[in-house]
Amino acid sequence: MALSSSDEPTSTWTFLTHHARVLLEIARDPHARLRDIATRIGITERAVQGIVSDLHQEGYLTRGKVGRRNHYTLNPERSFRYRTEANLPVRLLIDIFTQHDLPSGDAPTARHADTSTAPIDSPEHQPGAAASGRHS
């Protein structure tokens, strides 16, 4: 654990793994160099290379060449790996963060038909809201 300026321990964990961060950087820029991705997320180029290899082997992306540069194509319909999210496509994660990157006032150009269209502040998304068909 790191220490804060007041010498109190601060937590260093984050919600997104390096694999998720690399996937998102590639979604933002499919022509990105591994070096640039490493710099943006604060890990080594070698670590990014290993993560891209993992993502490729598991079918989350394909690699190709455009001239001398690599080009990546994501498979956004590939499901998450962990069993509790295995029925959800990684597209949902990608959409959250690529929509976050849009200038204010811009809307995404396309919506996925199977994605909820309810606004995040609607009762459907509020804590304690009853979920239809679910029992406690």
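Select helix 1 and helix 3 in this predicted model. The two helices pack at an angle of about 80 degrees, and their axes are 10 Å apart. An angle of 65 to 115 degrees counts as roughly perpendicular, so helix 1 is roughly perpendicular to helix 3.

Now show the side chains where these helices meet. On helix 1, pick His18, His19, Val22, Leu23 and Ile26. On helix 3, pick Val48, Ile51, Val52, Asp54 and Leu55. By class, the contact of helix 1 with helix 3 has 7 nonpolar, 2 polar and 1 charged residues.

Keep helix 3 on screen and add helix 2. How do the axes of helix 2 and helix 3 cross? They come within 8 Å of each other and cross at roughly 110 degrees. Helix 2 is therefore roughly perpendicular to helix 3. To see the contact, select Leu34, Arg35, Ile37 and Ala38 on helix 2, then Glu45, Val48, Gln49 and Val52 on helix 3. The residues in this contact divide into 5 nonpolar, 1 polar and 2 charged.

Val48 is listed in the contact with helix 1 and again in the contact with helix 2. Centre the view on Val48. Leaving aside residues up to four places away in sequence, Val48 touches Val22, Leu34, Ile37, Ala38 and Ile43.

Next, select Asp36, which is found in helix 2. Is Asp36 buried, partly exposed or exposed? Its relative accessible area is 24%. Buried means under 20% and exposed means over 50%, so Asp36 is partly exposed. Draw a distance from the C-alpha atom of Asp36 to that of Val48: the separation is 9.8 Å, for two residues 12 apart along the chain.

Widen the selection to the largest nonpolar core, which has 21 residues. Which residues have the most contacts inside this core? They are Val22, Ile26, Ile37, Val48, Val52 and Leu55. Colour the elements that give two or more residues to the core: helix 1 (18–28), helix 2 (34–41), helix 3 (45–57) and helix 4 (91–100). Helix 1 gives the most, with 5 residues.

Leave the helices and go to strand 3 (residues 61–66) and strand 4 (residues 69–74). These strands run antiparallel, and 6 bridges join them. Select Leu61 and look across to strand 4, where Leu74 stands opposite. Then follow the chain through the hairpin, which has 2 residues between the strands. Stop at Gly67, which takes a positive phi near 65 degrees. For a view of the side chains here, one general point helps: in a regular strand they alternate between the two faces of the sheet.

Finally, zoom out to the whole protein and colour by secondary structure. There are 4 helices and 4 strands. Reading along the sequence, the pattern is β-β-α-α-α-β-β-α. Colour by accessibility next: buried residues make up 19% of the 136 residues in the protein. Of the contacts with a separation of 6 or more, 31% are between residues 24 or more positions apart.

Notes: Residues are numbered from 1 along each chain as its sequence is written. This is a predicted model: local features need pLDDT of at least 70, side-chain atom pairs count only at pLDDT 80 or more; totals for chains, interfaces and linings use all residues. Side-chain values use heavy atoms; hydrogens and water are left out. A nonpolar core is a set of buried Ala, Val, Leu, Ile, Met, Phe, Trp, Tyr and Cys residues joined through side-chain atoms within 4.5 Å. Buried means under 20% relative accessible area, exposed over 50%, partly exposed in between (1.4 Å probe, protein chains only). Contact means heavy atoms within 4.5 Å. Two strands pair if DSSP finds at least two bridges between them. Axes are lines fitted to C-alpha atoms, for helices over the stretch in contact, and angles run from 0 to 180 degrees between N-to-C directions. Angles under 35 degrees count as roughly parallel, over 145 as roughly antiparallel, 65 to 115 as roughly perpendicular and the rest as oblique. Ala, Val, Leu, Ile, Met, Phe, Trp, Tyr, Cys and Pro count as nonpolar, Asp, Glu, Lys and Arg as charged, and the others, Gly among them, as polar.
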